[in-house]
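Thanks for coming, everyone. I will walk you through one structure today, starting with a ligand. Please have a look at the sequence and the model first.

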Amino acid sequence: MKKFKKSLAIVLFLAIVLSLGACQTTKADNSREEKELVTGIFVEESKGKGGLLKLEVAFENSEIKDIKVLEHNESEYTKPVIEDLTKKIINTNSIDVDIVSGATLTSHAIINAVRDVIKKAEVTLIAKEVAQETEKPADVSTDIVIIGAGGAGLTAAIEATYEGAEVIVVEKNAFMGGNTNYATGGMNAAGTKYQKAKGIEDSPELHFKDTMKGGHDKNDPALLKVFTEKAAETLYWLEELGAQLSEIGRSGGQSVDRIHKGPDGMPIGPHLMDVFAKQVEKLNIDVRLNTKAIEILSENNKVLGIKVENLDGHTYNINAKAVIIASGGFGANPELVTKYKPELEGFGTTNQPGATGDIFSMLEKLDIALIDMDQIQTHPTVVPRINEMITEGVRGDGAILVNRDGKRFVNELETRDTVSKAILSQEGKSAFLIFDQQVVDQASAIKKYKDAGLLTEANSLKELGEKLNINATELESTVESYNEYFKDQNDKEFGRRLLNVELIEAPYYGVEVSPAIHHTMGGIKINTNAEVINNSGDVVEGLYAAGEVTGGIHGGNRIGGNAITDITVFGKIAGRNAAEAIKYK
Ligand code: FAD
Ligand code: SIN
């Protein structure tokens, strides 16, 4: 028996060494009984949201002992999803695990790669039972409880913690970030040192004017004034926390270059979330994932905390002196969207699946005032069916829009509502973004689309037109005319003011796009202190709100880059004011 154990150990050792070196299949087959048991390390690849995902699985006697993701191009926010999912597969010795909502493609990539490994290794897994019984958590008390760990919630949490308050943040998803994870184009701020260094003349007054015009004069002027005046200082505050926002571009409806981005034009959302996550860790902020707020506890016109439900279905109370609602919009709730804007029935959405606005059903008891609920925006350039948004930055960096006839039909840098409407009136209710290698080279956010396989690529415009199944001859002549406008700096057809690239550098790229639900401008009514207002016009004691869950700032149409400003400016105001107010309680 001793001899058998020793020889088995040698075989296992050799199996691991061999497989580590060559990443190849290894089987321990020194006895009839162990013949089917597999030990070794196997590598497999699959396709995630961002492209290739490569992982290795270590088996010991046909049991999964470890999974390491070796390479991937997934967004930063999927980190806890990858960790959780691989842990679950290991613990249950099975790939029969739940897909994580909001990270579906990443979940599938992991499960598919492990499935392929199992096939390759010819392993028969025996699933392990995992104890399901969990205890109901006890009620807890804190100074401030924040609903939602997106950009607004975490800004508020960080500011309130710096102000000395004890904070708990609850997040219903398995990860932090919400729609903030998806933000790509950037953050607007006027009169910044970065604009000045580039000779761009801008001011909070001009930002106010552009936003009011873009919002069809429906914006709340008092909120908008605070928003535009505090944008630049909030951008510097984010930089103090570790963000880098020194690059500048143009989004639709702006009179000057005002949208600030990170180095190499990287997507802003994942960058900010990375910065926020580091602060959460540094400040030891209690963020409870998989924890959904289900009720706001109150007495008369005063909040007392919230009731939450965890992943196991247990409920408990978080008693608090102040509550900050930062639960985002409702762009992923088709029932709510069509209740307020029936013409959006059947539209896709760019939003994360958790953007369902469940908070709105919790507000009745406090008779909270809602504003502009029917103001719901579509983003004009979203890839049909898969709902991948192509950032406005692609147009800001030089792309044009053509229809199936290969012709331009709109000033590409008009506001979203105008461009969306123009696209919907084209044949097939879609259009094509056309650009060249110079545009791709301007921003890593655009390169990501290429890596994710979203772009059609060709060596000539004719070939591109043919591949996209649009009129290729017209496309050639459209680009020729556009290049003439570039040389004259005068778009004779549509009056586009920013003509920054002559589209001449192959390869050329194209992608079909169509409008999808993007931003819910309406929501909870707040004052300039981020205090929540009820239908009698009074402040609800101890209740604050910030971010996309609020209404009034963007009026009838949001300008690209203004939401990140909104969530950080008002997230900070909410955090500070809540912390200040409880000092005297
Ligand atoms: P979110 O970031 O959505 O966070 C809210 C959080 O609350 C979510 O995590 C949600 O799961 C959680 N939550 C909801 N209900 C509950 C509950 N009951 N209990 C617990 N948790 C709950 N804006 C810009 O200015 N610039 C851009 O470049 C930009 N790009 C965008 C790209 C895309 C694809 C999308 C969809 C939006 C973009 N926006 C952009 C808009 C911007 O990202 C959002 O408006 C903003 O991030 C919203 O932040 P928030 O903190 O208010 O909400
Ligand atoms: C985009 O990058 O086009 C989205 C920007 C925004 O929603 O503000």
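The shell around ligand 2 splits into 1 nonpolar, 7 polar and 3 charged residues. Keep in mind that this is a predicted model. Who is in that shell? The residues around ligand 2 include Thr-184, Gly-185, His-379, Met-389, Thr-391 and Glu-392. Also on the list are Arg-416, His-518, Arg-558, Gly-560 and Gly-561.

Now the polar atoms. Thr-391 has a polar side-chain atom 2.5 Å from an oxygen atom of ligand 2. Arg-416 also puts a polar side-chain atom by an oxygen of ligand 2, at 2.9 Å. Gly-561 uses its backbone instead: an N or O atom there is 2.7 Å from a ligand 2 oxygen. How much of ligand 2 does the protein bury? Alone, ligand 2 exposes 260 Å², and the protein buries 92% of that.

Let me stay with Arg-416. Arg-416 is one of the buried residues of helix α11, which covers residues 416-424. The others are Val-419, Ser-420, Ala-422 and Ile-423. Where do they sit around the helix? Their arc around the axis is only 165°, so they lie on the same side of α11. And what covers them? The cover includes the strands β14 (376-383), β16 (400-402), β17 (431-436) and β19 (508-520). Helix α10 (393-396) is part of that cover too.

Hold on to β19. Gly-510 lies in that strand. Buried or exposed? Gly-510 is buried, at 0% relative accessibility. Beyond residues up to four places away in sequence, Gly-510 touches Leu-433, Ile-434, Leu-455, Thr-456, Leu-464 and Leu-468. Here is a distance as well. Gly-510 and Arg-408 are 102 residues apart in sequence, and their C-alpha atoms are 14 Å apart.

Next, ligand 1. There are 40 residues around ligand 1. Which of them come nearest? Those are Glu-171, Thr-180, Gly-185, Glu-548 and Ile-564. You have met Gly-185 already, since Gly-185 is also listed around ligand 2. By class, the ligand 1 shell holds 12 nonpolar, 22 polar and 6 charged residues.

Three contacts to look at here. The side chain of Thr-180 has an N or O atom 2.5 Å from an oxygen of ligand 1. For the side chain of Gln-352, that distance to a ligand 1 oxygen is 3.4 Å. Ala-563 takes part through its backbone, with an N or O atom 3.0 Å from an oxygen of ligand 1. What about area? Ligand 1 taken alone exposes 1,000 Å², of which the protein buries 98%.

Which elements build this shell? Those that give two or more residues are α4 (151-162), β10 (292-299), β19 and α16 (562-582). Helix α16 gives the most, with 4 residues.

Just ahead of α16, find His-554. His-554 is placed in the loop between β22 (539-545) and α16. His-554 is buried, with 3% relative accessible area. What does His-554 contact, leaving out neighbours within four places in sequence? The list is Gly-215, Asn-219, His-519, Met-521, Asn-562, Ala-563 and Asp-566. Note Ala-563 there: the backbone of Ala-563 also lies 3.0 Å from a ligand 1 oxygen.

Another loop residue now. Thr-192 is in the loop between β6 (187-188) and α5 (193-197). Thr-192 counts as buried, at 0% relative accessibility. Residues up to four places away aside, Thr-192 touches Ala-232, Tyr-236 and His-260. Take His-260 from that list. The side chains of Thr-192 and His-260 share a polar contact of 2.8 Å. In sequence the two are 68 residues apart, and C-alpha to C-alpha they are 9.5 Å apart in space.

Last stop: Lys-79. Lys-79 lies in helix α2, residues 79-92. How accessible is Lys-79? At 47% relative accessibility, Lys-79 counts as partly exposed. The cut-off for exposed is over 50%, so Lys-79 does not make that class. Between Lys-79 and Leu-235 there are 26 Å in space, C-alpha to C-alpha, and the pair is 156 residues apart in sequence.

That is the tour. Questions, please.

Technical notes: Residues numbered from 1 in each chain as written. Chains lettered and ligands numbered in written order. Predicted model: local features only at pLDDT ≥ 70, side-chain atom pairs only at ≥ 80, totals over all residues. Heavy atoms only, no water. Buried < 20%, exposed > 50% of the residue type's maximum accessible area, 1.4 Å probe, protein only. Arc of directions from axis to C-beta. Contact = heavy atoms within 4.5 Å. Near = heavy atom within 4 Å. Polar contact = N/O pair within 3.5 Å; in protein donor to acceptor, adjacent residues only side chain to side chain. Areas by Shrake-Rupley, 256 points an atom, 1.4 Å probe, with all protein chains shown as cover. Nonpolar A, V, L, I, M, F, W, Y, C, P; charged D, E, K, R; others polar.
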